[in-house]
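Me: Could you take a close look at the open sheet in this structure, and then follow the contacts and salt bridges elsewhere in the chain? I am in my first year, so please go slowly and connect one step to the next.

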Amino acid sequence: MPCFPPLRPLVRRLFGAIFKRVANRTSRPTPRGQPPEHPPQPQERPATNPSNDSEGGEKHQEPGTPSGSLVCDFCWETGLFAQDTFQRAWALRGNARTGFSYMTTWQQLQTSSELGCNWCAMLYSTRTASMQLETVRVAVRFRVSSGSNGETPKGVQIMVLMINERPHSSYYIYTHPDDPAAPYILARNRVLQVNSATAQAMVLESVADCRRKHDHCPTLHDGPLPTRVVDCSDPNHPRLHLSNGAQAPYVALSYVWGEAQPHRTTTGNVRTYSQGIDTALLPQTIKDAIECTYSFGMRYLWVDALCILQDSKDDKAREIAQMRAIYQNAHFTIIAASAHTVSEGFLQARPPSSQHDVVLPFPCPNGNVGTMTLSPVWRQYDGLSEPVNQRAWCLEERLLSPRALVYASHTLQFQCRTATVNIGNAVCGPIAGQRPPDLLLRPDAELSAALSSTDQNALRWAWVEILGNYTQRSVTKPGDKLVAFAAIAELFHRVWRTDYLAGLWRESLTSGLLWYKNIETRFERPARYRAPSWSWAAVDGHVLASLLDDRLNPESGQTQSCAILECEVTPATPLLPFGKVASGTLRLRAMICKATWNPNSPTPELYLPGIPFPVIPEGEEAPPDPEATHIGCAYPDSTEDVKEVWAVPVIWNSTVQYAGGLILTSAGEGGLYRRVGHFHSPEDQPGGLAWLDGLEEREIVIV
């Protein structure tokens, strides 16, 4: 019996919508009795063989025009880049169905591309295995982005390419600020010298623009300084400053340690550092942050390695408990996104434009000829591979910061609660998951005791997304699994106002127990205790939440569940109530039955032994025991090889014959259990939930 993850309904709806949109774009209704109409074309001429009309396909050689090194004669004199043709197509960029089209062949495109035509080379590179016809109809139109999907700058021009009447690809258009085409093209090339005076001026301009125009962004004001900050008023002689509750603007740093920092602040050197810090002892990333703080006209910098006493457990606990306030109150946060280690730094010049970008002529309306660069929409920077986005601690630092300067691997970005932009008006494609819902970031005085269903759903989905993001990141010290997430938990606690239980919430605990591991990210179970087994923090790897399956939504009115009798968690320290825990127990009244499973299989299954298996569908494998009933698709929490297990249904829906629950094993003497996995009903299982019939409820304790 095949198993599908519980997110199947969501994926089905999502992909259905995508295919529907594609279908709507690629087919338009045609009046009865009339042939399909092509969009109006400024000029349409079939391309001729370059060897006949273009002197062997040689590029245009007229001095003073960019065509001599960019496109072939046909493209320049007759094709898209002919002056009149291009201007008509460019002028129609507000019309979604008009542009320029022509006929050619793949052989012609290949020949011209080999002779150096950038346009023909780009077209030829788009050919896929499904494009068998030799004749090619190329259609091009221009449009202006509305920015509704998050791409910036708003109004960036886009070239849309169609091959044989089908939408094929889209490209952002940008040019250099000194190019003759600059007055007509909004977007600019990326800033590569991220530490230049020009880049710094662009940053200050972005901050000022945010301050003037962004209603959803908090106002800049002097807030309380953290306990300690680095005084950067003399960047060559920084010193540690004890704030004593003073208020002033400051900058925070988010970065990857990646290695030991032998000269971090400790109880032994804190007094010396208050007199001055020898910059020769500091790693490059911290030196770069000090330089940036000074260059942007700021005096104070908060950086964990210097502002927390790294050898004091109490000081660490107190300061980590203030992480939400530290990053939320910062004027802005410097995110050293591209640095793999603290000794690497982040102010180096960035590499030149992507190899996938294509430079082409731009015939200007005034008769001049400039250049435009096409950048594939689907190849934009998303930040997922940046070192800072692999580190667990850095997630809360980014989410909490109202404004951030992101020193990315390709350029410098300014990020706020309204938008993410590449400084200097360079194109920035949509970046998902950069900001939590506005509701989470409102001041305490603006938070309502009662949440609307819309707000509640937005918060739940935000929790799912953030938890999934966090659990894919690495934690250098395994014991910090909950600690590095504490500020995010505190953020949600302000709104939900329910007990936080080692990564779960009391108000939604029943459904919260049904988290499960991505089957492709199984790791060994940690040797040392860091959370109760029913918490996602007890194991490593990508965690998905039960919210992804609407069949088990308690608010649907169609579900039943086990009873939670008690759930208690003891924090490791009262100084950090959302952090590390010393212990936790969960007591349920639930049905429980002995089960068997194959946890080491690529697709683990859960079986109920001793009951005849009703039907084995054609093409499916028989279960391990011919008299075992297949009751679920299993998701082991780790690579631990546990033989003796029990199945505990937590939530079930009799209407659709579907259940989700826990897989437990014995936790030793005293009748205690611990969680080792999750299960849900197979799709289209004959017999449905009949295996629940006759099971009696009893009290069980999970640790």
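Reply: What follows begins with the open sheet and then moves to other parts of the chain. Please keep in mind throughout that this is a predicted model.

The sheet is built from eight strands, which follow one another in the order β8-β7-β11-β10-β12-β15-β16-β17, and the pairing among them is mixed. At the edges stand β8 (239–242) and β17 (420–422), and each has a single partner strand, so one side of each is left without a neighbour in the sheet. From one strand to the next, the twist averages 30 degrees.

Strand β12 (residues 332–335) is a good place to look in detail. Both of its faces are covered, with Phe332 and Ile334 buried on one side and Thr333 and Ile335 buried on the other. In the sheet order β12 stands between β10 and β15, and its pairing can be followed in both directions. Towards strand β10 (residues 250–254), the two strands run parallel and are joined by four bridges, and Ala252 has Thr333 of β12 as its bridge partner. Towards strand β15 (residues 403–407), the pairing is again in the parallel sense, over three bridges, and here Thr333 has Ala404 of β15 as its bridge partner. Thr333 is therefore a residue that is buried and that is a bridge partner of both Ala252 and Ala404.

Further along, strand β16 (residues 412–416) pairs with β17 in the antiparallel sense over three bridges. Within this pair, Gln415 stands opposite Thr420 in β17.

Turning from strands to helices, helix α5 (residues 83–91) has Thr85, Phe86, Gln87, Ala89 and Trp90 as its buried residues. These buried residues pack against a group of strands, namely β1 (100–105), β2, β3, β4, β13 (358–363) and β14 (369–376). Helix α6 (residues 106–114) and helix α7 (residues 118–125) pack against each other at an angle of about 130 degrees, with 8 Å between their axes. At that angle the two helices count as oblique to each other, and their crossing is left-handed. The contact is made by Trp106, Leu109, Gln110, Ser112 and Ser113 from α6, together with Cys120, Ala121, Leu123 and Tyr124 from α7.

The salt bridges come next, and a search of the whole structure finds 22 of them. One of these is formed by the side chains of Arg137 and Glu165, with a distance of 2.8 Å from N to O. Arg137 lies in strand β2 (residues 135–144), while Glu165 lies in the loop between β3 (157–163) and β4 (166–175), so this pair ties together parts that are 28 residues apart in sequence. The two partners can also be described by their accessibility, since Arg137 is buried, with a relative accessible area of 11%, whereas Glu165 is partly exposed, with a relative accessible area of 34%.

Another salt bridge is formed by Arg587 and Glu699, whose closest N and O atoms are 3.0 Å apart. Arg587 belongs to strand β24 (residues 581–591) and Glu699 to strand β31 (residues 697–702), so the pair ties together parts that are 112 residues apart in sequence. Both partners are partly exposed, with relative accessible areas of 26% for Arg587 and 42% for Glu699. The side chains of Lys594 and Glu644 also meet in a salt bridge, at 3.2 Å from N to O. This pair links distant parts of the chain, 50 residues apart, with Lys594 in strand β25 (residues 593–597) and Glu644 in the loop between β27 (629–636) and β28 (645–653). Lys594 is partly exposed, at 38% relative accessible area, and so is Glu644, at 40%. Salt bridges that share partners also join Glu566, Arg587, Arg589 and Glu699 into one network.

Strand β24, where Arg587 lies, also contains Val581. Val581 is buried, with a relative accessible area of 6%. Although Val581 and Thr570 are 11 residues apart in sequence, their C-alpha atoms are 5.7 Å apart in space. Leaving aside residues up to four places away in sequence, Val581 touches a set of residues that includes Leu482, Ala502, Tyr529, Pro532, Val569 and Thr570.

Conventions: Residues numbered from 1 in each chain as written. Predicted model: local features only at pLDDT ≥ 70, side-chain atom pairs only at ≥ 80, totals over all residues. Heavy atoms only, no water. Salt bridge = Lys/Arg side-chain N within 4 Å of Asp/Glu carboxyl O. Buried < 20%, exposed > 50% of the residue type's maximum accessible area, 1.4 Å probe, protein only. Pairing = 2+ DSSP bridges. Axes fitted to C-alpha atoms, helices over the stretch in contact; angles between N-to-C directions. Parallel < 35°, antiparallel > 145°, perpendicular 65-115°, else oblique. Left-handed = near helix turned anticlockwise from the far one by under 90°. Contact = heavy atoms within 4.5 Å.
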